[in-house]
Amino acid sequence: MRTARGSLLCGGLIALVSIAVALCCLRIEVLCRAFTFHSHRPVGSMEKNLQLVRNIIPPLTEKKHKGQDGKIGIIGGCTEYTGAPYFAAIASLKVGADLSHVFCTKDAAPVIKSYSPNVIVHPVLDLSSGVEDVEKWFPALHSMVIGPGLGRDEKVLQNTKVIMEKCQKQGIPIVIDADGLWVVVQDPSVIQGYHKAILTPNVVEFSRLYNAVLKSHYNECNHSSNLLQLSQALGNVTIVQKGEKDLISDGSTVLVCSQQGSGRRCGGQGDLLSGSLGVLAHWAFTAGDEKTDGLNPTLIAAFGACALTRQCNHQAFQKHRRAMTTSDMIAEISTAFNKLFES
Ligand SMILES: *[C@@H]1O[C@H](CO)[C@@H](O)[C@H](O)[C@H]1NC(C)=O
Ligand SMILES: *[C@@H]1O[C@H](CO)[C@@H](O)[C@H](O)[C@H]1NC(C)=O
């Protein structure tokens, strides 16, 4: 009898605790929702920002010569990862760059070349002359995408770090993703205050960066506030926090890109984003103030790349559902670009 009552009491207690925990979680959930919906999301801002992206797209005219619409360098590609730099390079071309150069390690080069005759591949990143071998191409490049398929080899990371510094001396816009962000986590001063840098961390990379720079854990609820803090701590470097919605900030403004995507997240999607961002950054920086309406060019470029990536995801998902891959998304770039920016 006593044991029966004991277990009844115990059961009741457990039930009460469970209800309390559930209510607490619900409360956090509701609070977080409130934050997501109310922070920095004026009605109609999606359309307004898409219009700014349309403004910076250079018109296609007969008068242009090859290279004018963008020559993009990709730093990445090693033995293990050859798909990522390829996706970034081909995305940049399909968005409208005229030339795309991949600077990768020696043994990644033949593999990347074999994927496509459209990309130029330089097997230099693991050489001791790697920095000079990339640097001599600087005059022929409008922007750099640093990180897709970079890997963690010490020599390669060291070369990459020096390349980041040299890009800044030349004022070349740089997009930093994947293991390029690992270089920044090791030494955030490498991009401190460089206003032509755009970082594109996913959730894990963002928290790593946040911990490295601010030496604290971030606020689980208010993503805008974390983003502003991190951007400001890095000297107002632009950061794209990829997620359920993409948040973009330059330390003063926060843009939210909520273009519809899908529930499917395939590996390589980030490379499509970074590659297209390389081109859009070049366009945004050369567009002029009257086209950008006083907004930081990095924000417009990033917004465009996020919207495009999400639209590609949406379209590819309609066709392939669960079987969708990044290659399927790449195949949608042309129609997605047209739908968002040219119609
Ligand atoms: C989230 O943070 C941003 C930026 O610091 C702030 O403007 C906003 O009011 C915050 N939202 C809430 C609900 O606290
Ligand atoms: C970054 O931007 C904020 C907000 O506009 C400004 O208060 C701050 O001085 C800027 N910091 C740097 C290093 O430019």
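**Crossing helices, buried residues and a ligand site**

Helices α2 and α12 are roughly perpendicular to each other. In this predicted model, the axes of α2 (residues 45–56) and α12 (residues 297–320) come within 9 Å and cross at roughly 105°. Because angles of 65 to 115 degrees count as roughly perpendicular, this crossing falls into that class. The side of α2 that takes part in the contact contributes M46, N49, L50, L52, V53 and I56, and these residues meet I300, F303, G304 and A307 of α12.

I300 offers a convenient point from which to follow this packing. It is located in helix α12 and, at 2% relative accessibility, counts as buried. The cut-off for a buried residue is a relative accessible area under 20%, which means that I300 qualifies. Leaving aside residues up to four places away in sequence, I300 touches L52, V53 and I56, together with T292 and L295. The residues L52, V53 and I56 also belong to the set through which α2 meets α12. A further relation links I300 to L280: the two are 20 residues apart in sequence, and their C-alpha atoms are 8.2 Å apart in space.

T292, one of the contacts of I300, also leads back to helix α2. N55 lies in that helix, and its C-alpha atom is 7.2 Å from that of T292, although 237 residues separate the two in sequence. With a relative accessibility of 27%, N55 counts as partly exposed, whereas I300 is buried. In the loop between α11 (289–292) and α12 lies D293. This residue is exposed, with a relative accessible area of 56%, and it has a positive phi of about 55° although it is not a glycine. Most residues other than glycine have a negative phi.

The surroundings of these elements may now be considered. The protein has 14 helices and nine strands. Of its 343 residues, 52% are buried. Among contacts between residues at least 6 apart in sequence, 69% join residues at least 24 apart. The accessible surface of the protein comes to about 16100 Å², and carbon and sulfur atoms account for 56% of it.

Helix α10 (residues 269–287) carries H282. H282 counts as buried, at 8% relative accessibility. Beyond its sequence neighbours up to four places away, H282 touches Q68, D69, G70, H142 and S143. The loop between β9 (254–257) and α10 contains G268, which is buried with a relative accessible area of 15%. G268 touches F87 and T326, again not counting residues up to four places away in sequence. Its C-alpha atom is separated by 9.3 Å from that of P85, a residue 183 positions away along the chain.

Another buried position is D177, in the loop between β5 (174–176) and α7 (178–186). Its relative accessibility is 4%, and D177 therefore counts as buried. Its contacts, with residues up to four places away in sequence excluded, are I146, G147, T200, E205, K242, G270, D271 and S274. Helix α7, which follows in that description of the loop, has D179, G180, L181, V183, V184 and V185 as its buried residues. These buried residues of α7 pack against β4 (143–146), α6 (154–170), β5, β6 (197–199) and α8 (203–214).

The last site to examine is that of ligand 2. Which residues lie around ligand 2? They are N236, G251 and S252. A polar side-chain atom of N236 lies 2.4 Å from an oxygen atom of ligand 2. On its own, ligand 2 has 360 Å² of accessible area, and the protein covers 36% of it.

N236 itself is found in the loop between α9 (223–233) and β7 (238–241). It is partly exposed, with a relative accessible area of 33%. Like D293, which has a positive phi of about 55°, N236 has a positive phi, here about 65°, although it is not a glycine.

Key. Residues numbered from 1 in each chain as written. Chains lettered and ligands numbered in written order. Predicted model: local features only at pLDDT ≥ 70, side-chain atom pairs only at ≥ 80, totals over all residues. Heavy atoms only, no water. Near = heavy atom within 4 Å. Polar contact = N/O pair within 3.5 Å; in protein donor to acceptor, adjacent residues only side chain to side chain. Areas by Shrake-Rupley, 256 points an atom, 1.4 Å probe, with all protein chains shown as cover. Helix = DSSP H or I, 4+ residues; strand = E, 2+ residues; numbered from the N terminus. Buried < 20%, exposed > 50% of the residue type's maximum accessible area, 1.4 Å probe, protein only. Contact = heavy atoms within 4.5 Å. Axes fitted to C-alpha atoms, helices over the stretch in contact; angles between N-to-C directions. Parallel < 35°, antiparallel > 145°, perpendicular 65-115°, else oblique.
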